[in-house]
Amino acid sequence: MTAEEKIRFTIAEYCHRTDSGDFDGWVKLFAEDGSFRMFGNEVVGHAALRAFIEQDQPPELRGLHLTTDSAIMLQGDHAKVRSNFIFVAGGDEAGVVVAAGRYLDILVPRGDAWLFKLREAELILPVATQHWGAKPA
């Protein structure tokens, strides 16, 4: 695979591993000192990333993350990528677009893969205000 194909694979796996609850696999998509930034908070390193994703994506709040329109700029020892995303989850009657925005990424080559050095989520639309997630019993 080319560098761009490996980068697209990492971006796609981020969504698949988040939605399936494969948090150990999710963390492995980040460099050892990789970070995730959202809502002004930054989480750095594998242990902190693992704790964050487990708390942020409990089974009852999982849905479908979609990432598209990735613009990849290879810059020597790293790549900058700009992508759009939406997160859709189950609602009372139908799916709810919970969030929509942009990922601003820096990826670095590590072995045979490209990993996130930084993944920053920037919201473009407001977070959903209607109920979403599993219905209360």
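Student: When does a residue count as buried, and what percentage of the 137 residues in the chain is buried?

Tutor: Buried means under 20% relative accessible area. The model under discussion is predicted. By this cut-off, the buried share of the 137 residues in the chain is 39%.

Student: How many helices and strands does the chain have, and in what pattern do they follow along the sequence?

Tutor: The chain contains three helices and six strands. Read along the sequence, they give the pattern α-α-β-β-α-β-β-β-β.

Student: Which element gives the most residues to the largest nonpolar core?

Tutor: The largest nonpolar core has 25 residues, and those with the most contacts inside it are I7, Y14, W26, F30 and F36. At least two residues of this core come from each of α1 (3–20), α2 (23–27), β1 (30–38), α3 (46–56), β4, β5 and β6 (113–125). With four residues, the element that gives the most is α1.

Student: Which residues does W26 touch, leaving aside those up to four places away in sequence?

Tutor: W26 is among the core residues with the most contacts inside the core. Leaving aside residues up to four places away in sequence, W26 touches Y14, R17, T18, L49, F52 and I53.

Student: In what sense do β3 and β4 pair, and which residue of their hairpin takes a positive phi?

Tutor: Strand β3 (residues 64–74) pairs with strand β4 (residues 79–90) over nine bridges, in the antiparallel sense. Their hairpin has four residues between the strands. The residue there with a positive phi, near 75°, is G76.

Student: Which residue is the bridge partner of F87 in β5?

Tutor: On the β3 side, H65 stands opposite F87 of β4. Strand β4 is also joined to strand β5 (residues 95–110) by 12 bridges, and these two run antiparallel. In β5, the bridge partner of F87 is A99.

Student: Why does L66 count as partly exposed?

Tutor: L66 has its place in strand β3. Partly exposed covers the range between under 20%, which is buried, and over 50%, which is exposed. L66 therefore counts as partly exposed, because its relative accessibility is 39%.

Student: What accessible area do L64, L66, I86 and V97 have together?

Tutor: These four residues, L64, L66, I86 and V97, form a nonpolar patch on the surface. For the chain, the accessible surface comes to about 7,500 Å², with 55% belonging to carbon and sulfur atoms. The patch has, together, about 310 Å².

Student: What percentage of the contacts with a separation of 6 or more joins residues 24 or more positions apart?

Tutor: A contact requires heavy atoms within 4.5 Å. Among contacts in the chain with a separation of 6 or more, the share from residues 24 or more positions apart is 50%.

Conventions. Residues numbered from 1 in each chain as written. Predicted model: local features only at pLDDT ≥ 70, side-chain atom pairs only at ≥ 80, totals over all residues. Heavy atoms only, no water. Pairing = 2+ DSSP bridges. Buried < 20%, exposed > 50% of the residue type's maximum accessible area, 1.4 Å probe, protein only. Areas by Shrake-Rupley, 256 points an atom, 1.4 Å probe, with all protein chains shown as cover. Core = buried A, V, L, I, M, F, W, Y, C linked by side-chain atoms within 4.5 Å. Patch = residues over 30% accessible without salt bridge, like charges linked within 9 Å, V, L, I, M, F, W, Y side chains within 5 Å. Salt bridge = Lys/Arg side-chain N within 4 Å of Asp/Glu carboxyl O.
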